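Work through the two exercises below with the sequence and the coordinates at hand, and compare each step of your reasoning with the solution that follows it.

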Amino acid sequence: KNGTSINMIPGINISDLKYDFDESSPDLMQKVALPDSRIKSLLLLSSNKAHFEKKPSDIAEELGKIFEQILAAAYDCFSPEEARLILNYGYIAGGSISSVYWNEFPNDYDLFFTEKAVADYFFEKFQSQIQFTHFPGSKFSLNLSLVSDNAVSLFLSGNGLGSFNLQLITKYYGPPEEVISRFDFKHCMSYFKWDLPFLIQEEVIQIRSLVFNENAASPLNSIMRIHKLCSKGWHIKKQEIIKLGRALSKLNFDDPAVIATLSDYY
């Protein structure tokens, strides 16, 4: 468990960290537990429409448990200081939140960071470390699957709480509202940061409607994603196809950087 001291990460200081763990607790999950009162008070700022199959508070509670598993695994397998980075700067965003709403198991949970320095730190930590991350006595394991230009892919398991794929997003970073503004479909433009009001795009998730965001960072990927999402029960109207077409028409397909945004995997 060779974590770098937070004071050695450029741009990050111990004094920047507002939140810490309950080190007095001998139980790991209690040590990393998020304060319920804080989350519930923030949820009062979220909508709570009657037509929801699940209330936003139920979804946020489930995401809070997922986030606690991430914190516990990082604390257990990496170091307490690296877990503190996630506690203070990490948040879940993207399509996994709509999967939680529909009681579907997401392909992965995307963990973003508000600070570039933290995203860079985790990218550099794993760039040359392809191994199974498990230590004697650990309750969790984090299996490092892949390091790409965009993310660090991990498989989290242990402690009897289930397992899931986790992506530490290292290419995109910043405040949640800023990051989600470049996502391609509105239902993905949801986020859970435990110390901010929960944002869920309920009006499109509830009817499984694909609404294209014309400010999407990688509209090329959206073409293939439409097929994948429609095969899972989502639908798209012709005006959204037109919006996507307009976004594509603005691209320079002779630019290698534009082509490089197209993922090889769907």
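**Exercise 1.** Determine in which sense strand 4 and strand 5 pair and over how many bridges, and then establish why strand 5 is largely enclosed by the rest of the structure.

*Solution.* In this predicted model, strand 4 (residues 140–147) pairs with strand 5 in the antiparallel sense, and the pairing extends over 7 bridges. To fix the register, take Asn143, which stands opposite Phe155 in strand 5. The connection between strand 4 and strand 5 is a hairpin, made through 3 residues.

Next, turn to strand 6 (residues 163–169), which pairs with strand 5 in the antiparallel sense over 7 bridges; here Ala151 has Ile169 of strand 6 opposite.

Finally, consider burial, for which the cut-off is under 20% relative accessible area. Because 6 of the 8 residues of strand 5 (residues 151–158) are buried, this strand is largely enclosed by the rest of the structure.

**Exercise 2.** Describe how helix 4 and helix 6 pack, giving the angle and how far apart their axes are, and state which residues meet.

*Solution.* Two packed helices are described by the angle between their axes together with the distance between the axes. For helix 4 (residues 80–89) and helix 6 (residues 116–126), the angle is about 145 degrees and the axes lie 11 Å apart. The crossing in which helix 4 passes helix 6 is left-handed.

As for the residues, helix 4 contributes Glu82, Leu85, Ile86 and Tyr89, which meet Val118, Tyr121, Phe122 and Lys125 in helix 6. Sorted by class, this contact of helix 4 with helix 6 has 6 nonpolar and 2 charged residues, and no polar ones.

How values were computed
Residues are numbered from 1 along each chain as its sequence is written. This is a predicted model: local features need pLDDT of at least 70, side-chain atom pairs count only at pLDDT 80 or more; totals for chains, interfaces and linings use all residues. Side-chain values use heavy atoms; hydrogens and water are left out. Buried means under 20% relative accessible area, exposed over 50%, partly exposed in between (1.4 Å probe, protein chains only). Helices (H or I, at least four residues) and strands (E, at least two) are DSSP runs, numbered from the N terminus. Two strands pair if DSSP finds at least two bridges between them. Axes are lines fitted to C-alpha atoms, for helices over the stretch in contact, and angles run from 0 to 180 degrees between N-to-C directions. A crossing is left-handed if the near helix is turned anticlockwise from the far one by less than a right angle, and right-handed if clockwise. Contact means heavy atoms within 4.5 Å. Ala, Val, Leu, Ile, Met, Phe, Trp, Tyr, Cys and Pro count as nonpolar, Asp, Glu, Lys and Arg as charged, and the others, Gly among them, as polar.
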